[in-house]
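Visitor: I would like to learn how to read a few structural features from a model. Could you walk me through them one at a time?

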Amino acid sequence: MRRVVVTGMGIWSCLGTNLEEVKQSLYEGRSGIGIEQERITYGYQSALTGIVQKPELKKLLHRRLRAGLSEEAEYAYMAARECFEQAGVDEEFLLNNEIGVIFGNDSSAKPVIEAANIMAEKHDSELLGSGLIFQSMNSTVNMNLSTIFHLRGVNFTISSACASGSHSIGIGYLLIKQGLQDRVLVGGAQETNFYSMATFDALGAFSKRMDEPTKASRPFDRDRDGLIPSGGAAALLLEDYDSAVARGANIIAEVTGYGFSSNGGGISQPSDDGSVLAMNRALADAGVTVDDIDYVNAHATSTPQGDQFEAIALNRMFNGKRALISSTKGMTGHECWMAGASEAVYSILMMKNSFVAPNINFENPDEYSAPLNLATKTVDMEINTVLSNSFGFGGTNSALVLKNWK
């Protein structure tokens, strides 16, 4: 079995549009959440959302290539550009070496709705244009990135709710570990337009604390009242260690463990048993124990039930242990399909810069979160091993173990 290392990362999120900006936001505990009034006009109960800057692509991509890009694919393109740049991978390398692409993406609502609106009004499919088909498919990110960057290896989308981005890293890791690929671009992408989240809003899943947007996302806090939708994209280049060394790549971190499980219960019902199983599998795969973990990046989305069951799971494993725990979703909101990938990037940024980002807005514990070793303020410390959790609707669970590279 081969070792799998990270040689490049890229990020486009409400915390910033590059690694340096995002690192600073994490360190300062700065929220990227705000109000989008159009959501209320459209009929939402909550106007809260992560505020993600729209990329300006006209000077970067030919119009023909831009035509097929959905919103989340635009974010993913920007993240992949930064990732390849940090990895020292240029166009010549892309043309002469095989790289795969696996991205997490579980919706592309905006182009589907736009196409339906045109058809309902004009009743003429010729008015739709060719770009909408490539924007509307769940595989929109993969097909666009593979075309733009000449990627000729494995190419598919992980569609697994809020664990999609994490599973994409896990599957890329397994393919390289087993010798089936040398390099895979992995990540996750999430659209932020209001079309995409109306059904979540219908469930009453979103916080309504609109008078204090930056305090609305409150993972593990007793007074949490729901998640905040957010998005963007994150990308990582995974490589076989020997291949990375052979090309003189700068190794950033190592993926050492991947664990997964399915709850097998209600479609929106979390499970501490399922969470524990995924975490234990990841630790076993990495050959480490709970005593080796320095930091846990919790999934905790600021929903009453989800945070409760994860807190139970974390207490079953880490009560009395030294690992610090925080959920970066207090700052980002829930980045949904990208969250597992972005939180891997956030965790590696913490490792490389020796700090734990705070679980902001944690003011009052409940009976489940009170025993947790939560970092409620930024903690400067050396981090060598991280466990990152991602759990999604349908009972899909993913956990990753990441190690610092020195």
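Guide: Gladly, and please keep in mind that this is a predicted model. Let us start with a single ring: Y195 has a relative accessible area of 23%, so it counts as partly exposed.

Visitor: How is a pair of aromatic rings described in general?

Guide: A pair of aromatic rings is described by how far apart the centres are and by the angle of the planes.

Visitor: How many aromatic pairs does the count come to here?

Guide: The count comes to 12 aromatic pairs. One of them joins Y42 and F194, with 4.7 Å from centre to centre and 45° between the planes, and it is tilted. This pair links distant parts of the chain, 152 residues apart: Y42 belongs to helix 2 (residues 38-42), and F194 to the loop between strand 6 (183-190) and helix 10 (198-202).

Visitor: Why is the pair of Y42 and Y195 edge-to-face?

Guide: The planes of Y42 and Y195 stand at 85°, with the ring centres 5.6 Å apart, so this pair is edge-to-face; the angle needed for that label is over 60 degrees. Y42 lies in helix 2 and Y195 in the loop between strand 6 and helix 10, so the pair ties together parts that are 153 residues apart in sequence.

Visitor: Is Y42 buried or exposed, or in between?

Guide: Y42 counts as partly exposed, because its relative accessibility is 40%. Ring pairs also link Y42, Y44, F194 and Y195 into a cluster.

Visitor: Which charged residues lie over the face of a ring?

Guide: R3 lies over the face of Y241, 5.3 Å from the ring centre. R247 lies over the face of F93, at 5.3 Å from the ring centre.

Visitor: Let us turn to cysteines. What is a disulfide?

Guide: In general, a disulfide is a covalent bond that joins the sulfur atoms of two cysteines. In this model the count comes to 0 disulfides.

Visitor: Why is there no bond between C162 and C336?

Guide: C336 holds the cysteine sulfur closest to that of C162, but the two are 4.6 Å apart, which is too far for a bond; the cut-off is 2.5 Å. C162 counts as buried because its relative accessibility is 7%. For C83, the closest cysteine sulfur is in C14, 20 Å away, so that is too far for a bond as well. C83 counts as buried, at 0% relative accessibility.

Visitor: What should I know about the sign of phi?

Guide: Most residues other than glycine have a negative phi. Here, H123 has a positive phi, near 55°. H123 sits in the loop between helix 6 (109-122) and helix 7, and it counts as exposed because its relative accessibility is 63%. H150 also has a positive phi, near 60°. H150 is in the loop between helix 8 and strand 5 (155-158), and with a relative accessible area of 29% it is partly exposed.

Visitor: Which residues form a nonpolar patch on the surface?

Guide: I133, F134 and M137 form it, and together they have about 270 Å² of accessible area. M137 is in the loop between helix 7 (131-136) and helix 8 (140-148). M137 counts as partly exposed because its relative accessibility is 34%.

Visitor: And where does S398 lie?

Guide: S398 lies in strand 14 (residues 396-404), and at 0% relative accessibility it counts as buried. From S398 to Y44, the C-alpha to C-alpha distance is 30 Å, and they are 354 residues apart in sequence.

Methods. Residues numbered from 1 in each chain as written. Predicted model: local features only at pLDDT ≥ 70, side-chain atom pairs only at ≥ 80, totals over all residues. Heavy atoms only, no water. Patch = residues over 30% accessible without salt bridge, like charges linked within 9 Å, V, L, I, M, F, W, Y side chains within 5 Å. Areas by Shrake-Rupley, 256 points an atom, 1.4 Å probe, with all protein chains shown as cover. Salt bridge = Lys/Arg side-chain N within 4 Å of Asp/Glu carboxyl O. Helix = DSSP H or I, 4+ residues; strand = E, 2+ residues; numbered from the N terminus. Buried < 20%, exposed > 50% of the residue type's maximum accessible area, 1.4 Å probe, protein only. Phe/Tyr/Trp six-rings, centres within 6.5 Å; stacked < 30°, edge-to-face > 60°. Lys NZ or Arg CZ within 6 Å of the ring centre and 35° of its normal.
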